Structures are given as C-alpha cells and as structure tokens.
Amino acid sequence: LFTYVLLILLKAFEAIDPTMEEASRMSGASTWQTFRNITLPLLRAPLFNGFLLAFLATTASFGVPALIGTPGGIFLLTTQIYTFQRMGSMSGILKASSLSLILMALAFVILLLSEGPLRIRQFATISGKTPRPQLARLGFWKLPLTIAIGTTFTILFLLPLSAIFLAAFSQVQGILTWSNFGWSNFERILFHTDETTRAFSNSLIFAGVAGIFCVLAGFGLAYALKYVFSSRLKGVTSILVSLPYVTPGTVLALALLVGFGPGIVGNWFALNSTGLLIILAYSIKYLNFSYKTLEDGVGQIHPCLDEASRLSGAGTFQTMRYIWWPLLRPSLIASFFLVFMPAMFEVTMTVLLTGPGLETLGAFIFHLQEYGDLGGGGPAVLALLIIIPTGLFNFFLKFISKGKYGL
C-alpha cells in the first residue's frame, strides 16, 4: 500500500506553490521552520487521506493475509470470513455475514469520524505557473536519510523482486544450486498454457475500462459536490463511495452475483459470467481511489480561476481545457493508476466472478498457486511478466515526459 500513499503525496507536493516557501525563507525562517509552518500544514489533508486509504485497504485486505497469515494460524476478519464461507453450511454463511457487518460497521465509524470531527481543511491553489522549488540543503542529515531511503528501497523492492526471480528460475523451489535454475517454468507458462494470453488481455481490458470509468465518475462527483450540490452532501457521498472498498471482496462479489447475475431487470441482461460484471465490481470497489484523489485536486483549484476564465470570454470547454486540465492533470493520471494497478491484479472478487474464457492475472496466479502448478514457479513467472513490462513502460513514460509522469 506504500504506492497509494506515495502517489497521493507526489500529487500534493506538485500542487504546492513554491512562492509560499520562498516568502517564509525571505522572512527569516529556517528550512525546518518553513517545512513545519508552511509545507506540513498544506500536506495535512493529503497525508490524512493517504493514511485513511491505507488503513481501510488493510482492513479489507485478503490475498496477503490468506497466503502468509493463515498457514501460521493468524486470521484477520477478511480471512476468517472466507474460511466461514468455504464451510458450505448455513452456520458458516451466518458467521461470515456477522463478521462482514462488524467490518462494515468499523469502516462506517472511521469514515464518519473522518468527515466530521477529524476532517482536515483543504487549501486552494490560486496561481498559474509557479517557479521551480528550491532544493533544501540536508547537511548532517544527508547520510542518515540516504541510508533510510536505501533501506526502504531494499525492503519494498529489491528483496521481493529477488525472491520472485529465484522462484521463477527454480525448477524445484527452495534449492539454491546452479543445476536447479533453468527456463522450464517460462516454457511451460508461455508456450504450453493457453490461459496466459487470455489472462493478460482480459486484465488489461477490464482494469483499463474500470480505470477510465472511475476517473470520469470521480471527477464528476468531485466537481458536482463543489459547484452544483450542497456541501452537506459531501460527507455522505464520501462515506457511500468508501464503503464498497472496505467491504470484503468476497461479500461484494456475492452481492453482485445475487443482485445482477440473474439479470438487471427480471431475467433480462444477465451479467453472470461476463466481463461487464467484473468491470462493475472493479469500478464499485475502487471508485474511492479516484474520488479521494480528484476531490483533493478539485479542492485545490480556487473558484477565482474559473471566474477569471469566464470573464475573459472563455466558454465551459475552453475553461476546462486551459484551466482545469493543466491543474488536474497530475490528479487525473494518479487516479487512473490508483484504480488500474489494483484492478489489474485483483484476486478476491475475480475468483468468484470469473468463468470460462474470462481468466484474469490475479485469478490465474491464485489458481496456479493453489491448485495447478506442480513446480511452483508459474506464479513467479507471471509476476516477472508483469513487473518487467511495467517497469520499462514507466521508464519510457518518464523519459518522454522528462520525469513529469510515471510512477
């Protein structure tokens, strides 16, 4: 979940006007005083939203606790719900439903507090182009911070990537000898497994469509709640949008299967075992990401910029093109990736919603890990096939945009 918070804060730093920090330094404030009195207050809302997003994501997490915690006898609410549902009895279903209600009540209380007593006031950007921020001299703290960042990078990236490489090239897992390394796992997954190509194409389509829909819906909600509807609806909307995300994926998937699987109106337009139902599940689950990100972005655009554009003779389309689009571009890109990345590899809902021909990467990796991969290296091969193209695409995107876009 580190990436989610990172994207939100990167967007927030880009929205800060550096002239405020320059004015602080010109008034005699030190670097630490400028950060404490100027920068940090401007980051309070994004920091809180990032914390809330990570906390709610943790309460609804299933895949990692199921694979790591369950074998060691460590259960969370989500894994316990899944265990009760697999019992196949009415008693198990009732227990799973009870735990689901507890989890949803916890999320509702947290969201209610965040929209009420704990709500943090936002700050708006009222200028156009701003000068480049000045680099802060770290002095004595340069070496400790470099070590801390290097340690974080090693833990979050190098160690997991090394483990994936070892698993992908190992013919027998757990034996670290040169004779045990080879390309047999790649050959089996790429050339002898028909589901691989379908899983990649389906995941790209489903996650991409869901990401575009969430960006449009998130911007529409953020814009309407600021300029069209009463501000009292903002807290209610935030809670309603966030509740599906903190709801366990198994519960949400079952609700969609019961509600829309047989048909939307009677028996008409049945969505069971269709890609539309998977896209609908992704959109409902991750709309919170786009809305939260774009709410911050829209909230930082002062109404005087919109008024100045209209007083200059610009229409709605020109105002959106020359005012809103340049200022919201980082938020729009970040909100798309915040939906696209988790939807691309989603497991919990997809396992229940997929059917023949609808394999996705998350469900395919889960099935290989649990049932269909005797050698044990198949899931690691798929992980490498995801990580390497994503890294190359991100490098290319940063290169052509001169570091402006990318993860």
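**Whole chain**

Start with everything selected and colour by burial: 41% of the 407 residues count as buried. Keep in mind that this is a predicted model. Switch to cartoon. The protein has 17 helices and zero strands.

Now draw the contacts between residues at least 6 apart in sequence. Of these, 72% join residues at least 24 apart. Turn on the surface next. Its accessible area is about 22600 Å², and carbon and sulfur atoms hold 71% of that.

**Stop 1: aromatic rings**

Show the rings of the aromatic side chains. The whole structure contains 13 aromatic pairs. Select F165 and F169 for a close look. Their ring centres lie 6.2 Å apart and their planes meet at 5°, so this pair is stacked. Which helix holds both F165 and F169? Helix α7, residues 142-169, carries the two of them. They sit four residues apart, about one turn of the helix.

Check the cover on F165. The residue is partly exposed, at 35% relative accessibility. Then add W183 and F186 to the selection. Ring pairs join these two with F165 and F169 in a cluster.

**Stop 2: Y223**

Move to helix α9, residues 195-227, and pick Y223. Is Y223 buried or partly exposed? Its relative accessible area is 21%. Buried requires a value under 20%, so Y223 counts as partly exposed.

Expand the selection to the contacts of Y223. Leaving out residues up to four places away in sequence, Y223 touches V228, R310, M320 and W324. Now place a C-alpha to C-alpha distance between Y223 and L294. It reads 8.8 Å, across a sequence separation of 71 residues.

**Stop 3: the salt bridge**

How many salt bridges does a search of the whole structure find? It finds one. Select R198 and E359 as sticks. Their side chains form a salt bridge, with 3.0 Å from N to O. The pair ties together distant parts of the chain, 161 residues apart. R198 belongs to helix α9. E359 sits in the loop between α15 (348-353) and α16 (361-372).

Finish by comparing the cover on each partner. R198 is partly exposed, at 34% relative accessibility. E359 has a relative accessible area of 17% and is buried. The cut-off for buried is under 20%, so E359 falls on the buried side.

Before closing the viewer, show helix α9 once more. Both Y223 and R198 can be picked out there.

Conventions: Residues numbered from 1 in each chain as written. Predicted model: local features only at pLDDT ≥ 70, side-chain atom pairs only at ≥ 80, totals over all residues. Heavy atoms only, no water. Helix = DSSP H or I, 4+ residues; strand = E, 2+ residues; numbered from the N terminus. Buried < 20%, exposed > 50% of the residue type's maximum accessible area, 1.4 Å probe, protein only. Contact = heavy atoms within 4.5 Å. Areas by Shrake-Rupley, 256 points an atom, 1.4 Å probe, with all protein chains shown as cover. Phe/Tyr/Trp six-rings, centres within 6.5 Å; stacked < 30°, edge-to-face > 60°. Salt bridge = Lys/Arg side-chain N within 4 Å of Asp/Glu carboxyl O.
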